[in-house]
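Please work through the exercises below with the sequence and the model side by side, trying each task before reading its solution.

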Amino acid sequence: MNNLMDDLKYLYRVAGKDGQGVSFIFTDNEIKDESYLEYINNVLSSGEISNLFARDEIDEITGELVPVMKKEFPKRPPTQEILYDYFMSRARANLHIVLCFSPVGNKFRGRSLKFPGLISGCTMDWFSKWPREALVAVSQSFLGAFSMEATPEVKGNLIELMGSVHDGVALICIEYFDRCVICIEYFDRFRRQANVTPKSYLSFLEGYKSLYDSKVSILLML
């Protein structure tokens, strides 16, 4: 918790005192305690975290902002309250939070109910299944320059196959179930959920390259 508060202080100083744009990327894997989300919710809802800075820290920040505010708003009196409001307005304008949360399961739903700023204070980007053409294009990017003992025709067919294999996995899944691609046949058989994501495909390609290199090394030793 202390590390999180120190990070938030740093972000507010960069955004509010220095006036620089800054983004804070926060994933659900980094939630060591649910109380973390209370502070994130406050930033998203009001832009302010109560008692984040001590009195002497606020005096230091507002003191450094006097010439900055006078240059931008020469008619504003540099009172402590006005300087603090100026600091917070700069922080709200320059500080952005990027939340990377998985919608799978009940955690996301429960957190959204407890901390409404996670929904109301964010612009949602839902990532859906890649089309087959995109899968083949990514396969071409990964394997096109990869050294293989194969004719160009065979290599081209392999690149197409890699995209088809991953796309075939998605065909036995239902799309947008709880906004995620969940393998229904796998769940019916093993009572466990399997998530098909772009990361799975990238791991598949990297795994193939690693396996190919290891098998070639073995053959060269024979």
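The exercises go from the fold to the core, the ring contacts and the empty spaces.

This is a predicted model, in which local features need pLDDT of at least 70 and side-chain atom pairs count only at pLDDT 80 or more, while totals for chains, interfaces and linings use all residues. Residues are numbered from 1 along each chain as its sequence is written, and side-chain values use heavy atoms, with hydrogens and water left out.

**Exercise 1. Describe the secondary structure of the protein chain and state what share of its residues is buried.**

Step one is to list the elements, taking helices (H or I, at least four residues) and strands (E, at least two) as DSSP runs numbered from the N terminus; the protein chain comes to 10 helices and 4 strands. Step two is to read them along the sequence, which gives the pattern α-β-α-α-α-β-α-α-α-α-β-β-α-α. Step three is burial, where buried means under 20% relative accessible area, exposed over 50% and partly exposed in between (1.4 Å probe, protein chains only); of the 222 residues, 32% count as buried.

**Exercise 2. Find which residues touch the most other members of the largest nonpolar core, and which elements supply this core.**

A nonpolar core is a set of buried Ala, Val, Leu, Ile, Met, Phe, Trp, Tyr and Cys residues joined through side-chain atoms within 4.5 Å. The largest one has 34 residues, and Tyr12 and Phe26 touch the most other members. At least two residues each come from α1 (2-17), β1 (22-27), α2 (36-45), α3 (55-72), α4 (80-94) and β2 (95-100), with α1 giving the most, 7 residues.

**Exercise 3. Classify the ring pairs Phe24–Phe26 and Tyr201–Phe204, and compare the burial of their members.**

Rings of Phe, Tyr and Trp (its six-membered ring) pair if their centres lie within 6.5 Å, and planes under 30 degrees apart count as stacked, over 60 as edge-to-face and the rest as tilted. The structure holds 8 such aromatic pairs. Among them, Phe24 and Phe26 are 5.9 Å apart centre to centre with 35 degrees between the planes, so the pair is tilted, and both Phe24 and Phe26 are buried. Tyr201 and Phe204 also form a tilted pair, at 6.4 Å centre to centre and 40 degrees between the planes. Because these two residues are 3 residues apart in helix α10 (residues 198-221), they are separated by about one helical turn. Tyr201 counts as buried because its relative accessibility is 0%, whereas Phe204, at 30%, counts as partly exposed.

**Exercise 4. Determine the volume and the lining of the largest cavity and of the second largest pocket.**

On a 1 Å grid over the protein atoms alone, a cavity is a set of points where a 1.4 Å probe fits but cannot get out, and a pocket is an open set with protein on both sides within 12 Å along at least five of seven lines; lining residues have an atom within 4 Å of a point. Grid points are joined across faces, edges and corners, and a volume is the space filled by probe spheres set on the points.

The search finds 2 cavities of 30 Å³ or more, and the largest holds about 60 Å³. Its lining consists of Lys129, Trp130, Leu135, His166, Val196, Thr197 and Pro198.

The second largest pocket holds about 190 Å³. Its lining includes Tyr12, Val43, Leu44, Arg92 and Cys122; α2, α4 and β2 each supply at least two lining residues, and β2 gives the most, with 3 residues.
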